[in-house]
Amino acid sequence: MSFKSKFLCLLLAIFVSTSAFARLPFKDDWTQTFYTDDNSFYLTLYPDGFKQFIRVNSSSCDQISNISIVLKENKNRSTSTFRTLSKESAPKIYGLSPEGYCWYEVEIRNLETINGLKYVLKIEDNTSAPHYFKGITNSLIPLYRLTQDSKIDAWIDLGAFGATPVVGGGIYYKVWEPLSDEVHLFLNDNKAIKLFSDYPLNDERRFHFAYIKNSKPKDKYHYQFVKNGKYETLEVAN
């Protein structure tokens with residue numbers, strides 16, 4: 001056998017053994033397959049709260065005992081409810097087999113408002129300390145957003161970007177814009193609505209948001225950005 005052939009065989013052996021070894025410790029580890037998102041398949045908004053769906057591979061179904069929502073500010077001391085979903089009631093997402101996953105939902109209601117909610121998910125399993133699913137820091141991958149440190153350094157800002165319909169009426173608007181003093185929302189060319197923001201100017205976490213109760217899914221809307229006391233004029237070139 002030539003040196004080149006031996007070298008290729010060695011590479012193949014290393015690849016096969018490394019792949020097999022890499023899978024062994026994680027076969028039944030829920031943290032490796034934990035997934036949730038802020039799109040409409042995984043997050044439902046209500047005027048007084050929200051519901052989050054979570055999935056893990058079916059091989060680790062029995063590891064999670066409870067999931068709860070921890071709010072950064074909880075004036076009403078509202079508590080969340082948790083339940084494991086049956087295959088019939090689990091979200092139907094193209095490409096995901098119901099047999100391959102376990103689905104959970106956690107819901108919190110009776111809040112004064114959903115404007116500017118910040119939260120994390122607390123996941124309890126058969127280990128000594130719970131895990132926390134926190135906001136984005138260095139990675140979008142859910143695995144790297146899990147921590148066992150209860151001192152949360154990044155909270156999840158409720159809602160997806162854009163316009164999200166709210167079950168029960170209204171639309172939740174959210175846009176990322178750290179460089180503007182203010183962001184104004186115009187609905188159906190009516191007067192401006194100033195969006196809320198709770199981070200300082202130039203902070204990369206600076207979102208602008210508002211739950212508009214009388215807004216409807218077919219409303220036409222646009223944003224205008226205020227810089228130095230006036231609307232910014234944008235030039236777009238093709």
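This passage describes the nonpolar cores, one open sheet and the salt bridges of a predicted model. Residues are numbered from 1 along each chain as its sequence is written, and side-chain values use heavy atoms, with hydrogens and water left out. In this predicted model, local features need pLDDT of at least 70 and side-chain atom pairs count only at pLDDT 80 or more, whereas totals for chains, interfaces and linings use all residues.

The largest nonpolar core (buried Ala, Val, Leu, Ile, Met, Phe, Trp, Tyr and Cys residues joined through side-chain atoms within 4.5 Å) has 29 residues. Here buried means under 20% relative accessible area, exposed means over 50%, and partly exposed lies in between, with a 1.4 Å probe and protein chains only. Phe50, Tyr119, Leu121 and Ile123 have the most contacts inside this core. Two or more residues each are given to the core by β1 (43-46), β2 (49-57), β3 (66-71), β5 (101-108), β6 (118-124) and β14 (207-212); strands are DSSP runs of E with at least two residues, numbered from the N terminus. The largest share, 4 residues, comes from β5. A second, separate core of 10 residues includes Leu187, Leu195, Ile212 and Phe225. Apart from its neighbours within four places in sequence, Tyr119 is in contact (heavy atoms within 4.5 Å) with residues including Leu43, Phe50, Ile69, Leu71, Trp155 and Leu158.

An open sheet is formed by 3 strands in the order β10-β11-β14, with antiparallel pairing; two strands pair if DSSP finds at least two bridges between them. Its edge strands, β10 (162-165) and β14, each pair on one side only. Strand β11 (residues 171-176) pairs with β14 over 6 bridges, and Ile171 has Ile212 of β14 as its bridge partner.

The model contains 10 salt bridges, each defined by a side-chain nitrogen of Lys or Arg within 4 Å of a carboxyl oxygen of Asp or Glu. In one of them, the closest N and O atoms of Arg109 and Asp48 are 2.7 Å apart. This pair links distant parts of the chain, 61 residues apart: Arg109 lies in the loop between β5 and β6, and Asp48 in the loop between β1 and β2. Arg109 is partly exposed because its relative accessibility is 30%, while Asp48, at 19%, counts as buried. Asp203 and Arg205 form a salt bridge at 2.9 Å, N to O; Asp203 is buried at 15% relative accessible area, and Arg205 is partly exposed at 40%. Lys51, Arg83 and Glu105 are linked in a network of salt bridges.
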